[in-house]
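Colleague: Hey, I'm new to this one. Can you pull it up and walk me through it?
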Amino acid sequence: MKNIIKVITLILTMAFFVNCQEDEGDIGDIIAPSNLVVTAEVVGTDIENPFGDGSGLVNFTATADNALSYSFVYGDGESGVASSGAAGHAYTQNVGVFTYTAIISAIGTGGVSTTTSIEIEVFNSFNDLEAKILLSGGVGNSKTWYPKLDEDGHLGVGPTLAQDNGDDGALNGHWFPQYDSTAAFGKCGDSNSDCFCDFSFSFSLNADENLSYSQNNNGTTFFNWASGSAVGQTFDEFADTCFEFDTSGESQVSLAPSTTDWSQVADPDFPEPRGTVMNFTNDAFMGYYTGVSSYEILAIENDYLYVRFYDNANPVLAWYQKFTTTLPSEEFNTNYNNLVWDDEFDVNGAPVATKWTYDLGNGDNGWGNGEEQDYTSNAENVIVEDGFLKITAKADGGGYTSARIKSEGLYDFTYGRVEVRAKLPVSIGTWPAIWTLGADYETNTWPGCGEMDIMEQTGQDKNRVLSTVHHPAVSPGAGDSSSIQLTTSTTEFHNYIMEWRPDTIIFLVDDTIIHTVANTPDLPFNNDFFFILNVAMGGSLGGDIDPAFTEDTMEIDYVRVYQ
């Protein structure tokens with residue numbers, strides 16, 4: 001979709017000013033700005049549309065004597081700085097007519113400022129719900145994105161419209177990364193820029209259709225060389241660099257109509273951009289740091305995202321990035337190829353007694369997690385049938401029953417490659433797990449004994465699976481975990497793999513590495529562990545159980561250990 005913005009000038013109110021210094025505002029070399037005046041122009045205002053054309057766009061103009069720059073706090077969680085005093089903002093977090101209080105400060109020498117506020121009443125009808133769903137996977141879901149390293153131009157740069165015209169007097173490159181779009185520009189494999197290939201971010205959509213965002217940069221971010229001041233650094237010219245940077249925390253994402261003029265694209269085959277801009281709170285950004293928090297969506301599909309954004313330090317540049325929901329491929333070669341233990345579940349009836357035993361009952365406070373099921377050894381909860389182990393959770397009166405089988409005392413092992421082929425339950429509130437526990441747990445209480453979760457799935461997101469390790473340095477709590485989107489986890493069988501080495505623990509889903517943990521002598525992962533297979537109900541990862549739940553099953557084709 002493309003949005004045309006009709007601009008009609010309207011000054012809503014003249015702001016009053018309040019000096020933070022004495023009336024003169026002049027103390028030595030420190031001069032407080034005076035005569036601060038702010039106007040706000042709601043785009044598209046006319047007699048029939050007193051609050052604007054629905055785009056939510058407002059243009060601010062601030063003037064003051066002795067001001068060096070102006071800061072804008074827009075009243076919707078977003079803010080900005082402008083040296084000229086002119087700033088545009090899209091109020092798109094809420095649909096309808098809303099009133100916001102914007103706070104504007106004129107900043108003078110020595111950092112002294114004069115501040116005023118202005119109320120804006122503006123109408124927003126823009127809500128690209130389809131884009132929100134494609135970004136997040138839908139209401140109640142979360143989707144993780146990665147740099148699309150297998151495609152040229154996954155990071156590229158080109159001119160803005162004005163710069164394109166200024167380069168040679170012709171318009172021939174402001175809609176694509178004309179200056180550099182080679183695969184090498186992604187800079188993977190270079191120790192100074194490897195971090196660009198090692199990040200991910202996630203979008204989540206709640207029940208109110210509000211979009212949130214978080215980024216995992218694994219501790220370092222790839223900085224545009226001109227943006228070093230954000231971390232108090234001066235980088236060598238044109239030497240983009242990885243630098244330690246904290247991207248933790250969550251940001252809110254509002255969508256706004258694009259203001260880019262795409263009418264002057266010279267390429268007749270250029271696909272019309274979507275016309276949607278993502279605006280992030282808390283100065284969030286998407287992998288590559290150029291000092292901006294607004295990204296225009298050029299194209300989006302279920303597993304593909306192409307965005308365009310600007311360079312805060314060099315505004316004549318437009319940057320481009322491509323993303324995918326597929327984890328970047330990483331070659332995996334196992335150290336273990338000799339099959340030493342397995343269960344193919346090819347004998348109907350109860351699980352083989354020489355390989356499996358049971359945990360029964362409700363444990364201590366729901367096995368320490370507030371789980372709601374009672375574990376049994378009944379055939380209705382656990383059975384081998386038609387070549388599969390079937391663990392079934394069932395509603396039982398006002399409660400639930402299920403099964404938890406384990407190899408404790410029958411097969412314990414240290415190191416090796418584990419493969420478990422399984423299909424997971426689909427019902428909300430079920431918490432399936434394929435995991436291992438330290439065999440010394442009775443004398444070395446959890447988390448001291450260690451826990452390696454080959455596969456877990458939360459009860460609320462059936463399109464994602466997790467792999468996690470627990471040990472005293474990270475538990476109790478979330479553990480050291482990573483996840484991958486797997487939309488067919490409940491409809492198809494997948495291989496859940498753990499390669500447990502003396503120096504590394506690697507978790508894979510099918511052929512994709514999703515988590516790697518350094519195994520050091522101070523961790524509890526150098527002793528015997530045993531298997532546990534179970535389906536819990538509710539609890540800390542299961543969450544709220546579907547009130548209509550009756551029963552659901554995790555099916556396992558085989559469990560194999562190679563050493």
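Colleague: How many residues does the largest nonpolar core have?
Modeller: Keep in mind that this is a predicted model. The largest nonpolar core has 46 residues. Among those with the most contacts inside it are Leu-389, Tyr-496, Phe-531 and Val-559.
Colleague: And which strand gives the most to this core?
Modeller: That's strand 38, covering residues 529-537, which gives 5 residues. There's also a second, separate core of 40 residues, including Leu-134 and Phe-280.
Colleague: Why would such residues cluster at all?
Modeller: In soluble globular proteins, nonpolar side chains tend to be buried together.
Colleague: OK, switching to sheets. What's the strand order in the open sheet of 3 strands?
Modeller: The order is 3-4-7, and the pairing is antiparallel. Strand 3 (34-42) and strand 7 (86-90) are the edge strands, each pairing on one side only. On average, neighbouring strands here are turned by 20° against each other, ignoring direction.
Colleague: How many bridges join strand 4 to strand 7?
Modeller: There are 5, with strand 4 spanning residues 57-65. As an example, Thr-61 has Ala-86 in strand 7 as its bridge partner.
Colleague: Now Glu-78: where is that?
Modeller: Glu-78 sits in the loop between strand 5 (69-73) and strand 6 (79-82).
Colleague: Is Glu-78 buried or exposed?
Modeller: Glu-78 is buried, yet has no salt bridge. The nearest side chain of opposite charge is Lys-132, 11 Å away.
Colleague: So what does Glu-78 touch?
Modeller: Leaving out residues up to four places away in sequence, the contacts of Glu-78 include Phe-72, His-89, Gln-93, Ser-254 and Asn-279.

Note on methods:
Residues are numbered from 1 along each chain as its sequence is written. This is a predicted model: local features need pLDDT of at least 70, side-chain atom pairs count only at pLDDT 80 or more; totals for chains, interfaces and linings use all residues. Side-chain values use heavy atoms; hydrogens and water are left out. A nonpolar core is a set of buried Ala, Val, Leu, Ile, Met, Phe, Trp, Tyr and Cys residues joined through side-chain atoms within 4.5 Å. Buried means under 20% relative accessible area, exposed over 50%, partly exposed in between (1.4 Å probe, protein chains only). Helices (H or I, at least four residues) and strands (E, at least two) are DSSP runs, numbered from the N terminus. Two strands pair if DSSP finds at least two bridges between them. Axes are lines fitted to C-alpha atoms, for helices over the stretch in contact, and angles run from 0 to 180 degrees between N-to-C directions. Lys and Arg count as positive and Asp and Glu as negative; His and the chain ends are not counted. A salt bridge is a side-chain nitrogen of Lys or Arg within 4 Å of a carboxyl oxygen of Asp or Glu. Contact means heavy atoms within 4.5 Å.
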